[in-house]
Amino acid sequence: HIYFNHTPDPGFPDNQISTAKYNIFTFIPKFLFEQFRRYANIFFLSIGLLQQIPGVSPTGRYVTIVPFLFILLLTAIKELVEDFKRHTADRKINQTEVEVLTAQGATVRKMWKDVHVGNILKIKNDKFFPADLILLCSSEPNGICYIETSNLDGE
């Protein structure tokens with residue numbers, strides 16, 4: 001059951017969003033897993049390791065492994081920068097304030113991450129409106145609501 005403006009049911013997850021791929025503990029294992037799912041990376045690692053054995057390769061020991069590790073390092077830096085941007089965007093959305101109707105009929109300001117299932121929210125014109133909310137009424141004439149779907153469309 002969902003009760004309006006009551007304490008949250010522990011069966012529902014919180015409202016905090018996270019679009020980031022990594023955290024401080026999972027970056028290295030997940031990054032290496034993603035990189036070595038590609039056969040080309042396994043191939044170059046294998047060749048680079050075989051070249052480390054004296055007498056196996058006619059070329060130098062570091063001809064393959066150094067450029068390969070350099071490319072892996074650049075890819076890791078790019079992934080870190082992109083994931084940092086995701087964490088920043090998540091933090092910005094989670095800390096955005098919204099007005100929540102209390103059981104007494106007053107509104108209080110809460111952060112998006114503190115909104116729970118059953119809360120009644122007051123969303124003002126031109127403000128972010130998540131797809132998991134239900135519109136109960138609109139201040140527009142005849143209750144009209146215009147929806148911009150650019151976030152859903154990936155624009």
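D83 is a residue of helix α3, and in this predicted model the same helix also holds L74. Helix α3 is a useful place to start, since α3 gives the most to the lining of the largest pocket, with four residues. The points below take up the two helix residues, then the sheet, and then the two pockets.

**Two residues of helix α3**

- D83 has a relative accessibility of 4%, and because buried means under 20% relative accessible area, D83 counts as buried.
- Leaving aside residues up to four places away in sequence, D83 touches A20, K21 and Y22.
- L74, which also lies in helix α3, has a relative accessibility of 42% and therefore counts as partly exposed, a class that falls between the buried limit of under 20% and the exposed limit of over 50%.
- The C-alpha atom of L74 is separated by 36 Å from that of P13, and these two residues are 61 residues apart along the chain.

**The three-stranded sheet**

- Three strands make up an open sheet, in which the order is β2-β1-β3 and the pairing is antiparallel.
- β2, covering 107-111, and β3 are the edge strands of this sheet, each of them pairing on one side only.
- From one strand to the next, the twist of the sheet averages 45 degrees.
- In a regular strand the side chains alternate between the two faces of the sheet.

**Pairing of β1 with β2**

- The antiparallel strands β1 and β2 are joined by five bridges, and among the residue pairs found here V98 stands opposite K110 in β2.
- L101 has T107 as its bridge partner in β2.
- The two strands β1 and β2 form a hairpin with five residues between them, and in its turn G105 has a positive phi of about 95 degrees.

**Pairing of β1 with β3**

- β1 pairs with β3 over three bridges, and the sense of this pairing is antiparallel.
- V100 stands opposite L121, a residue of β3.

**The largest pocket**

- The volume of the largest pocket is about 1,900 Å³.
- The largest pocket is lined by 50 residues, of which I123, F128, F129, P130 and L133 are the closest to its centre.
- Three elements, namely α3 (65-94), β3 (120-122) and α4 (150-153), each supply at least two residues of this lining, and of the elements α3 gives the most, with four residues.
- Divided by class, the lining of the largest pocket holds 28 nonpolar, 13 polar and nine charged residues.

**The second largest pocket**

- The second largest pocket has a volume of about 290 Å³.
- Its lining consists of 14 residues, and those closest to the centre of this second largest pocket are T96, E97, W112, K127 and F128.
- α3 and β1 (97-101) are the elements that give two or more residues to the lining of the second largest pocket.
- By class, this lining of the second largest pocket comprises six nonpolar residues, one polar residue and seven charged residues.

**Elements and residues named for both pockets**

- F128 is among the residues closest to the centre of the largest pocket, and F128 is also among those closest to the centre of the second largest pocket.
- Helix α3 supplies at least two residues to the lining of the largest pocket, and α3 likewise gives two or more residues to the lining of the second largest pocket.

Conventions. Residues are numbered from 1 along each chain as its sequence is written. This is a predicted model: local features need pLDDT of at least 70, side-chain atom pairs count only at pLDDT 80 or more; totals for chains, interfaces and linings use all residues. Side-chain values use heavy atoms; hydrogens and water are left out. On a 1 Å grid over the protein atoms alone, a cavity is a set of points where a 1.4 Å probe fits but cannot get out, and a pocket is an open set with protein on both sides within 12 Å along at least five of seven lines; lining residues have an atom within 4 Å of a point. Grid points are joined across faces, edges and corners, and a volume is the space filled by probe spheres set on the points. Ala, Val, Leu, Ile, Met, Phe, Trp, Tyr, Cys and Pro count as nonpolar, Asp, Glu, Lys and Arg as charged, and the others, Gly among them, as polar. Two strands pair if DSSP finds at least two bridges between them. Axes are lines fitted to C-alpha atoms, for helices over the stretch in contact, and angles run from 0 to 180 degrees between N-to-C directions. Buried means under 20% relative accessible area, exposed over 50%, partly exposed in between (1.4 Å probe, protein chains only). Contact means heavy atoms within 4.5 Å.
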